[in-house]
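Please look over the sequence and the model shown below before reading on. The report after them is written for someone who has not met this structure before.

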Amino acid sequence: MSFFIKKKVIAAAVNKGDLKRKSNADDGKGRSKKFNKRMNEEISSDSENESGAPHRKQENEDDEIEETPQEKKLRLAKQYLDQLREEEDKTAENETFEADLIAGRLQDDVLEQKGKLQRMIAKELIAPDSSEIRLLRGHKLSVTCLVISPDEKYIFSASKDCSIIKWEVESGKKVHKIAGGRKGTEDRHVGHTAHILCMAISSDGKYLASGDMNKLIMIWDPMTCKHLYKFTGHKDAVSGLAFRRGTHTLYSASHDRSIKVWSVEENAYVETLFGHQDNITGLDCLSRERCVTAGGRDRTVRVWKIAEESQLVFNGHEGSIDCIQLINEEHMVTGGDDGTISIWTVNKKRPVSTVKQAHGSHGNTGLEQPYWVSSVAALHNSDIVASGSHNSAVQLWKCGQGFRGLEPLFSVPMAGFVNSLKFSNSGKFIVAGVGQEHRLGRWWRIKEARNGLYIIPLKRQAQEQVVVQ
């Protein structure tokens, strides 16, 4: 029965109850007398003390007993009608809320694709206390790279000891370790036998990729850590890996100056791209069919448009560009051995913002050298970036509106080379991979550093603000 039919039946019951009550009005004098007597008793009860409580309880029971069937039917009908109206109002409110939520998400997706979504949350961050930072140790040599699973439950780290470790975020315990092998055991060992330089995980958490100095790319099942495929084709060390978001397309960069495209799901090679004039040191991509790379000592940043088979070249650093990370589809951050951090937009050939000697300098007076920026990270579609060096600190930065300008937020003390930085998707924590040596070489060795992962919580004190550029 529909709501409107129910409503008519209830209205009829109400009218019937009214007519019945009217017909009984003339012969209901006895009830009226009782009612007047009860009203007089209730008025006089205001002056009674607590000892009159049992008497009032008896009166209430009499009131309930004296309700006629017609009055009860009328009362229940009204309650049922009010309940139906409330349910109808709640249903309408839920439908409106869901529609607004879906519309908001679609708008955010469109702005994200255009690179115009910037969540202003930097000013709400609170510097963590040193007691809240956790250190996970398990690698024998320097940690070179890491990734966080999409559900933020696990961290995968790799090292110069050729091993891969799967960690549980909540407990900090090792879930699985893929041991590294010795040089010369490539034919019988399942895993890497050379320094691992890069890792990537697909956005659905189905595939994990790792690249090493033996020119190999290994594909793993992140759940079981079982080896699936091995990709060969690069002629030098594999230095960068990234999955295109929402797909199983994998981009790889190498010291052989080339970029290769792979279809992991089909276990197939797709194509090779050329353009850099020196070792490629870093690579990243998001949802678009394009990727960005850092060209090391050719001092260029390049945006590769895969479908159009074209590339954009950007210049700005004075030294080797060692790391790169996309902030959104239109902006990226880079760091190099000139100690500079730069923010770029795909619409300009030069950086829109630059900070020189971002981590300070070291050396004797007159011979100072900047601390190399060995890693950068960005919380996607926000105004927060982070950088790491070997000056015993991870630095967090606030991007200005429109990504113009960089302001230091706070630093987190950390001894050693910060070779890798990753934000969790929710922005609740950032993970730093630290070692005694730089991931690409052995120029220095910091003996007091501990090879491991630092999990740094990021707390907020208020709600974030969204700005459309």
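The text that follows describes selected strands, ring pairs, cysteines and salt bridges in turn.

This is a predicted model, in which local features are described only where pLDDT is at least 70.

**A sheet of four strands**

One open sheet is built from four strands in the order β16-β17-β18-β19, and their pairing is antiparallel. The edges of this sheet are held by β16 (282–284) and β19 (310–315), each of which has a single partner strand, so that one side of each is left without a neighbour in the sheet. From one strand to the next, the twist averages 20°. At one of these edges, β16 pairs with strand β17 (residues 290–294) over three bridges in the antiparallel sense, and here Gly282 has Ala294 in β17 as its bridge partner.

**Strand β21 and its two partners**

Strand β21 (residues 331–336) is largely enclosed by the rest of the structure, because six of its six residues are buried. Its two faces are both covered, with His331, Val333 and Gly335 buried on one side and Met332, Thr334 and Gly336 buried on the other.

Strand β20 (residues 321–326) pairs with β21 in the antiparallel sense over five bridges, and a hairpin through four residues joins β20 to β21. Strand β22 (residues 341–345) also runs antiparallel to β21, and five bridges join the two. In the hairpin of β21 and β22, which has four residues between the strands, Gly339 takes a positive phi near 75°. Val333 appears in both pairings, since in β21 it is the bridge partner of Gln325, while it also stands opposite Ile343 in β22.

**Aromatic rings**

Over the whole structure, a search finds seven aromatic pairs. In one of them, the rings of Phe314 and Trp344 have centres 6.2 Å apart and planes at 75°, which makes the pair edge-to-face because an angle over 60 degrees counts as such. Phe314 belongs to strand β19 and Trp344 to strand β22, so this pair ties together parts that are 30 residues apart in sequence. Phe314 and Trp344 are both buried.

Another pair, that of Trp372 and Trp444, has ring centres 5.0 Å apart and planes at 70°, so this pair is edge-to-face as well. Here the link is between distant parts of the chain, 72 residues apart, with Trp372 in the loop between β25 (369–370) and β26 (375–378) and Trp444 in the loop between β31 (429–435) and β32 (452–457). Trp372 is buried at a relative accessible area of 16%, whereas Trp444, at 34%, is partly exposed. Elsewhere, ring pairs link Tyr229, Phe231, Trp262 and Tyr269 into a cluster.

Charged groups also sit over rings in this model. The charged end of Lys349 sits over the ring of Phe314, 5.3 Å from its centre, and the charged end of Lys166 sits over the ring of Tyr154, 4.4 Å from its centre.

**Cysteines**

The search of the whole structure finds zero disulfides. Cys291 is accordingly in no disulfide, and the nearest cysteine sulfur, that of Cys285, is 6.6 Å away. Cys291 is buried, with a relative accessible area of 1%, and Cys162 also counts as buried, at 9% relative accessibility.

**Salt bridges around Glu437**

The structure holds eight salt bridges, and among the residues involved, Lys160, Glu437, Arg442 and Arg445 are linked in a network. The table gives the partners of Glu437 in this network.

| Partner | Acid | Closest N and O atoms |
|---|---|---|
| Lys160 | Glu437 | 3.1 Å |
| Arg442 | Glu437 | 2.9 Å |
| Arg445 | Glu437 | 3.1 Å |

The bridge of Lys160 and Glu437 links distant parts of the chain, 277 residues apart, as Lys160 is in the loop between β5 (154–159) and β6 (164–168) and Glu437 is in the loop between β31 and β32.

Which members of the network are buried, and which are partly exposed or exposed? Lys160 and Glu437 are both buried, and for Glu437 the relative accessible area is 7%. Arg445 is partly exposed, with a relative accessible area of 48%, whereas Arg442, at 64% relative accessibility, counts as exposed.

Note on methods. Residues are numbered from 1 along each chain as its sequence is written. This is a predicted model: local features need pLDDT of at least 70, side-chain atom pairs count only at pLDDT 80 or more; totals for chains, interfaces and linings use all residues. Side-chain values use heavy atoms; hydrogens and water are left out. Two strands pair if DSSP finds at least two bridges between them. Axes are lines fitted to C-alpha atoms, for helices over the stretch in contact, and angles run from 0 to 180 degrees between N-to-C directions. Buried means under 20% relative accessible area, exposed over 50%, partly exposed in between (1.4 Å probe, protein chains only). Rings of Phe, Tyr and Trp (its six-membered ring) pair if their centres lie within 6.5 Å; planes under 30 degrees apart count as stacked, over 60 as edge-to-face and the rest as tilted. A charge sits over a ring if NZ of Lys or CZ of Arg is within 6 Å of the ring centre and within 35 degrees of the ring normal. A disulfide is a pair of cysteine sulfur atoms within 2.5 Å. A salt bridge is a side-chain nitrogen of Lys or Arg within 4 Å of a carboxyl oxygen of Asp or Glu.
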